[in-house]
Amino acid sequence: MNPVLIRGGRVVDPSQRMDAVADVLLVDGRVARVGQGIDAPEGAETIDASGLVVTPGLVDVHVHLREPGQEHKETIRTGARAAAAGGFTTVVAMPNTDPPIDDPAAVGFVLAEGMRSGGARVFPTGCITMRQQGEQLTEFGELINAGAVAVTDDGKPVVSGGMLRMALEYALTFDLPVAVHEEDPTLARKGTMNEGIVASRLGLTGIPNAAEDVMIARDLVLAELTGARLHVQHVSTRLGVQLIREAKARGVRVTAEATPHHFTLTDAAVEAYRTDAKMNPPLRSEADRDAVRQGVRDGTLDVIATDHAPHHYDEKEQAFEDAPFGIVGLETALGLTYTELVATGLIDLPTMVERMSCAPARAMKLDGMGSLAEGSLADVTIMDVRAEWTVNPASFLSMSRNTPFTGRALRCRAVRTLVGGRTVWRETQAG
Ligand SMILES: NC(=O)N[C@@H](CC(=O)O)C(=O)O
Ligand SMILES: [Zn+2]
Ligand SMILES: [Zn+2]
């Protein structure tokens, strides 16, 4: 593979506290040098990045790739390519497939398919409990040896506190992150949207904030008790953010996600029974949305993750109560984050890169990712922060189109994505 020289871009790399116009030289799949006026080595491909922003490749630690079992929604290949189109060089795949990823062979399958995808790198996770049934722990050591970077029962909570305590203690022996979907099913009942005035008007059963809050509180206590690494997924509530903030202040080892939809929308988006605004946890109140934004700003929510949850058109066409939870996110996350948080002045560009690349790589202990320091993997996102575009699901590389952001005007998009020094996505003139 020829060396690649990315010339004259604004290099934003919070891992080195760097924000300056510079060149980036990639050799043999690694970052060889970052600096001013680097000469192109023999045979190098040169990319003109003047006027563009060059960052360590974006990392999404929460995506659903649906393979095996639901390949009509997404495959590992299409998901990894959609990720690359969204500027992501690495994604972490959730194990709630059919069957769930709960043994080393299944983990190995996801890893191998990811390597063949020609898109973003794909790192598997394994279930916390066999078949995600909450009764028997999986073999964490074997899952790790097969390539799992974390364990999670995402899609479902770990209902038993005793079971999660055991999982955390077991995970601690490997320093393995345990990612949790926070929902008390006895409080969420059969709810389909946020509990509140919109749900009352629509006649839909609500999911109260408390369903999430009590589980976040419980799991922070258990993380403190065990000393294990807890990763709280898709935080949507005001109190949830506050509990995590306080736990971090006490020194609990916790990382936490904010999704673009939870910091952008409220449950008002569900009006008219729009199933493309149905997800779990649900869109909540303005106070909750604002708290999620503040959490991203102050780093309580250190990771922005999409929870990319593709579903087929026919399934989302059902009555609101029957439609599945979840929306796609890989191809809108960068634009939404820039438009909602950076363009509004809430956070600056380096903080965006920190939350979308450096921090997620650290949370999942992804070596060589989330940084352009010399010797890091040559995973690079080149973005045009001035680009103005409109969300058009028909142009998604994802197999699914279930997004509440259709027609939304956004700023900033990835124009080129490199993984290991190889261009895996490039915006064409026509696109
Ligand atoms: N977020 C969702 O609404 N849906 C996810 C499951 C999950 O992340 O809990 C899915 O797998 O479809
Ligand atoms: Zn979840
Ligand atoms: Zn999820």
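**View 1. His234 in its loop.** In this predicted model, His234 is buried, because 25 other C-beta atoms lie within 10 Å and 20 or more are enough for that label. The residue sits in the loop that joins β13 (230-232) to α8 (238-250). Apart from neighbours within four places in sequence, the contacts of His234 are Glu257, Thr259, His262, Pro281 and Asp307. In the unreviewed UniProt entry, His234 is listed under "binding site" together with Asp154 and His181. These positions are spread over 81 residues of sequence, yet they cluster in space, with a largest C-alpha distance of 10.2 Å.

**View 2. His181, listed with His234 under "binding site" in the unreviewed UniProt entry.** Where is His181 placed? His181 belongs to the loop between β10 (178-180) and α5 (185-188). His181 counts as buried because it has 23 C-beta neighbours inside 10 Å. When residues up to four places away in sequence are not counted, His181 touches Asp153, Asp154, Gly155, Lys156, Pro157 and Gln233. One of these contacts, Asp154, is listed with His181 in the UniProt record.

**View 3. Asp307, the position given as "active site" in the unreviewed UniProt entry.** Asp307 lies in the loop between β15 (303-304) and α11. Is Asp307 buried or exposed? Asp307 is buried, since 28 other C-beta atoms are found within 10 Å. Leaving out neighbours within four places in sequence, Asp307 is in contact with His62, His234, Thr259 and Gly329. His234 and Thr259 thus appear in this view again: His234 has both Thr259 and Asp307 among its own contacts.

**View 4. Gly326, one of the residues in a further UniProt "binding site" listing.** The listing, from an unreviewed entry, consists of His64, Leu65, Arg66, Asn96, Asn280, His311, Phe325 and Gly326. Gly326 is part of the loop between α11 (313-316) and α12 (333-342). With 22 C-beta neighbours inside 10 Å, Gly326 counts as buried. Setting aside neighbours within four places in sequence, Gly326 makes contact with Met279, Ala309 and His311. Among these, His311 is also named in the listing.

**View 5. Leu65, from the listing that also names Gly326.** Leu65 is found in the loop between β6 (58-63) and α1. Leu65 counts as buried because 30 C-beta neighbours lie inside 10 Å. Which residues does Leu65 touch, not counting those up to four places away in sequence? They are Glu74, Thr75, Ile76, Gly79 and Ala93. Of these, Ile76 is also one of the α1 residues that meet α2.

**View 6. The crossing of helices α1 and α2.** Helix α1 covers residues 76-85 and helix α2 covers residues 104-116. Their axes come within 9 Å and cross at roughly 55°. That angle makes α1 oblique to α2. The crossing is right-handed. On the α1 side, the residues in contact are Ile76, Arg77 and Ala80; on the α2 side, they are Val110, Glu113 and Gly114. The residues of this contact divide into 3 nonpolar, 1 polar and 2 charged.

Definitions and conventions: Residues are numbered from 1 along each chain as its sequence is written. Chains are lettered from A and ligands numbered from 1 in the order in which they are written. This is a predicted model: local features need pLDDT of at least 70, side-chain atom pairs count only at pLDDT 80 or more; totals for chains, interfaces and linings use all residues. Axes are lines fitted to C-alpha atoms, for helices over the stretch in contact, and angles run from 0 to 180 degrees between N-to-C directions. Helices (H or I, at least four residues) and strands (E, at least two) are DSSP runs, numbered from the N terminus. Angles under 35 degrees count as roughly parallel, over 145 as roughly antiparallel, 65 to 115 as roughly perpendicular and the rest as oblique. A crossing is left-handed if the near helix is turned anticlockwise from the far one by less than a right angle, and right-handed if clockwise. Two residues are in contact if their C-beta atoms, placed from the backbone, lie within 7 Å. Ala, Val, Leu, Ile, Met, Phe, Trp, Tyr, Cys and Pro count as nonpolar, Asp, Glu, Lys and Arg as charged, and the others, Gly among them, as polar. UniProt positions are given in the numbering used here, feature names are shortened, and annotations may be inferred rather than shown by experiment. A residue is buried if 20 or more other C-beta atoms lie within 10 Å of its own, exposed if 12 or fewer, and partly exposed in between; C-beta atoms are placed from the backbone.
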